[in-house]
2 protein chains.
Amino acid sequence: MKKNVLIIGAGGVAQVAAFKVAMHNDVLGDIHIASRTLSKCQAIVAGILEKRALKRPGILAAHQLDAMDVEATKALIRQTKSQIVINVGSAFLNMSVLRACMDTGAAYIDTAIHEDPEKVCEPPPWYGNYEWKHREECERKGVTAVLGAGFDPGVVNAYAALAARHYFDRVDSIDIIDVNAGNHGRYFATNFDPEINFREFTGTVWSWQQGQWTANKMFEVQRTDDLPVVGSRTTYLTGHDEVHSLSANLDVPDIRFWMGFGEHYINVFTVLNKLGLLSEKPVVTAEGIEVVPLKVVKAVLPDPMSLAPDYTGKTFIGDLVKGMRDGVETELLVYNISDHEAAYAETNSQAISYTAGVPAAAAAILIAKGEWDCHRMANVEELPAVPFLDLLGRMGLPTRVRDADGDRAFDPAEFREPRGKAARVGGVS
Amino acid sequence: MKKNVLIIGAGGVAQVAAFKVAMHNDVLGDIHIASRTLSKCQAIVAGILEKRALKRPGILAAHQLDAMDVEATKALIRQTKSQIVINVGSAFLNMSVLRACMDTGAAYIDTAIHEDPEKVCEPPPWYGNYEWKHREECERKGVTAVLGAGFDPGVVNAYAALAARHYFDRVDSIDIIDVNAGNHGRYFATNFDPEINFREFTGTVWSWQQGQWTANKMFEVQRTDDLPVVGSRTTYLTGHDEVHSLSANLDVPDIRFWMGFGEHYINVFTVLNKLGLLSEKPVVTAEGIEVVPLKVVKAVLPDPMSLAPDYTGKTFIGDLVKGMRDGVETELLVYNISDHEAAYAETNSQAISYTAGVPAAAAAILIAKGEWDCHRMANVEELPAVPFLDLLGRMGLPTRVRDADGDRAFDPAEFREPRGKAARVGGVS
């Protein structure tokens, strides 16, 4: 049993995680929110108090912290007696926060892969470049570190594990599909940090096909699916974190990630990218100012958190899994639909942040209760999927399944028993 | 008779002006080229020597100069005994270079309106905001200052004056049409300084219609014409310098400027503009660096001078003039066709720079010879048009005319005599 949560970061995802941790402070204990900008942490605290989101009276405090500073982070973990750290700050912070957790024994949770600000799209598998180098140390010290516990990566990894271990006898392909069918009403905006958002699309698109890494360019490969609620949608083969762990942890030959983009997004992205304005390499102006173009683009775009009040529509994120079940070629779609307005009403954030923040809080609860307190480094698909999805359903992220028997709410009872070959390859069931 | 020319600036237009001044150094005397970056001036000198463009042996020297520094500019004018200054540097320099000329007595020539870097699109007439405030001082001191002596503004003003004074009895409308039908082979580039280029299109589009200033937005109004050589072309109502002097100096109710843009240019421009990346107002990055977005866009775009070697195709710039002649409603098109490859072969610059730089050198020759040495401030339409167009024809910018009698080379003899009411309104004939 672990308790007291330190949330690092103060963007939209951090806000959602903080709300959801507050709603479960009977289990999770004290709540501390820390980021570079104290006022952002204070705004989240104020929002939680205003919405009376704390389940019971308890500590909810804001802190100023440069989480690149490992010693400062360790000091704050110790000072706040935090046994669980939810790192939902910039993707550049993972290694320093993980280091602080390994040194203090606190459990570590993040929602996205570590990135080096100077590098875009490193060679696969991405987790092998940074996180997995610390597997041995976590194991030796008994430190729990759950990687990629947002929605994608995160819940979609659990969907994949559910399909591989509890539904199919053999999985042939997993296609993860992410569609934001919402509307923020602006000319153009990204739904989270523009810098991280664009960096996803400027490098090589790595996918796992026929059991090996395959390289494509962004917007080179597309598919169109008729999806529940959001309808017919075109998505594009995109490089994404979860492909890099699922390909190592599940015995599945084809694992791909597809993201939906409208023509307008693609046009704006293409213009900026072709001109070199999405580059992470500094340029020098005629006046001698050295600046990274991508950081200037970020400065002119709307703050993603500012979009939430006006956001309408829904998100679809799911796994389309194909394989053999009882000797028959079978297709299973496991998915979630979230609503931007409902997310805002509950947590002051839109559904993109909501779908990423709720799972991080759920992971904290499962660690606190011991079910996910694995005392080692694990990606989500290595951990029990059924209790995670069951808990998420009660926390605002219901799972649905669609197969030959129809479209229905996820019922834990239906997926209770492990089955299939994939269950025995990589990870625990 | 004035002689010795100081050219300020070292971009494409300056290079063309320098080549053309060199080709007439028997009339113009010593040639000095000065800009912030000495190496650029030296490169122009080297190009002229390599192409053996000097008509006769003479002084051709490069100088480092910050032309915002009036005293330094005056010192260089005096030191080089320059009696004519061709200002083809940044549009932000006009007022300081004009001041240096008024203080030293040197004749002043420029090719574009003065701009304040902090302001985009000031109220009309633009010349009234800066240049014309010095009319009285020029008159009093007898300083010759020829404003806007490039192609547009410049030659198109002479075309308008030619039509109004030597062809029509009454002019009803002047539509200036500028089409670059060339291809630079890059994804996107501007043909001159991106900062100045984009600033033309981000503000209000001012045109002179029915005898008053009319405001539109960029790309709001378009026309399509079947033009000589370049064929059917769509152009867009655009704010431009010459409309601001022609409306004051000619008694013509409708004066408009139209610029040709391809769909690709418009798309890139629209994306950058809508995102705020063409703003002249500084933004601050998350890391605290203050920078003007437009200057970052300039830094990532190709250097306009780098386009010249690969540029193919032609430019069309002309005046479509309508009015009464001998009691009949008549239409006259006065125009020039220039070729990018021919311009590069002769002056190491493409045709956009060529069409702007040659007229500035021609203006210097007419001042040197006395024909344009008017001892006051004048826009091109106030000065004799026929000798200017005659000289330009011999310097590589032939004028053609098209009316009911057909399409033919401009013949000075046909336009010798002044006629028409417009000849008596504003300016000299």
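In this predicted model, chain B and chain A together bury about 2,300 Å², and 77% of that area lies on carbon and sulfur atoms. On the side of chain B, the greatest losses of area to chain A fall on B:Tyr187, B:Leu275 and B:Val300, which together account for 26% of what that side buries. The contact involves 27 residues of chain B and 27 residues of chain A.

Polar interactions across the interface were also counted. Between chain B and chain A there are 2 salt bridges. In one salt bridge, the side chain of B:Glu287 meets that of A:Lys295, with a distance of 3.0 Å from N to O. Residue pairs in polar contact between the two chains, with both residues at pLDDT 80 or more, number 3.

Several secondary-structure elements of chain B contribute to the side that touches chain A. The helices α10 (263-275) and α11 (293-300) each supply at least two residues of that side, as do the strands β13 (283-284) and β14 (290-291). By residue class, the side of chain B that touches chain A consists of 18 nonpolar, 4 polar and 5 charged residues.

For chain A, an unreviewed UniProt entry records the feature "domain: Saccharopine dehydrogenase-like C-terminal" at residues 150-396. Over residues 150-396 of chain A, helix makes up 37% of the chain and strand 29%. The C-alpha atoms at the two ends of this stretch of chain A are 14 Å apart.

Notes
Residues are numbered from 1 along each chain as its sequence is written. Chains are lettered from A and ligands numbered from 1 in the order in which they are written. This is a predicted model: local features need pLDDT of at least 70, side-chain atom pairs count only at pLDDT 80 or more; totals for chains, interfaces and linings use all residues. Side-chain values use heavy atoms; hydrogens and water are left out. Contact means heavy atoms within 4.5 Å. Buried area is the accessible area (1.4 Å probe) that two parts lose on being put together, summed over both. A salt bridge is a side-chain nitrogen of Lys or Arg within 4 Å of a carboxyl oxygen of Asp or Glu. A polar contact is a pair of N or O atoms within 3.5 Å; within protein, one must be able to donate a hydrogen and the other to accept it, and residues adjacent in sequence count only if both atoms are side-chain atoms. Helices (H or I, at least four residues) and strands (E, at least two) are DSSP runs, numbered from the N terminus. Ala, Val, Leu, Ile, Met, Phe, Trp, Tyr, Cys and Pro count as nonpolar, Asp, Glu, Lys and Arg as charged, and the others, Gly among them, as polar. UniProt positions are given in the numbering used here, feature names are shortened, and annotations may be inferred rather than shown by experiment.
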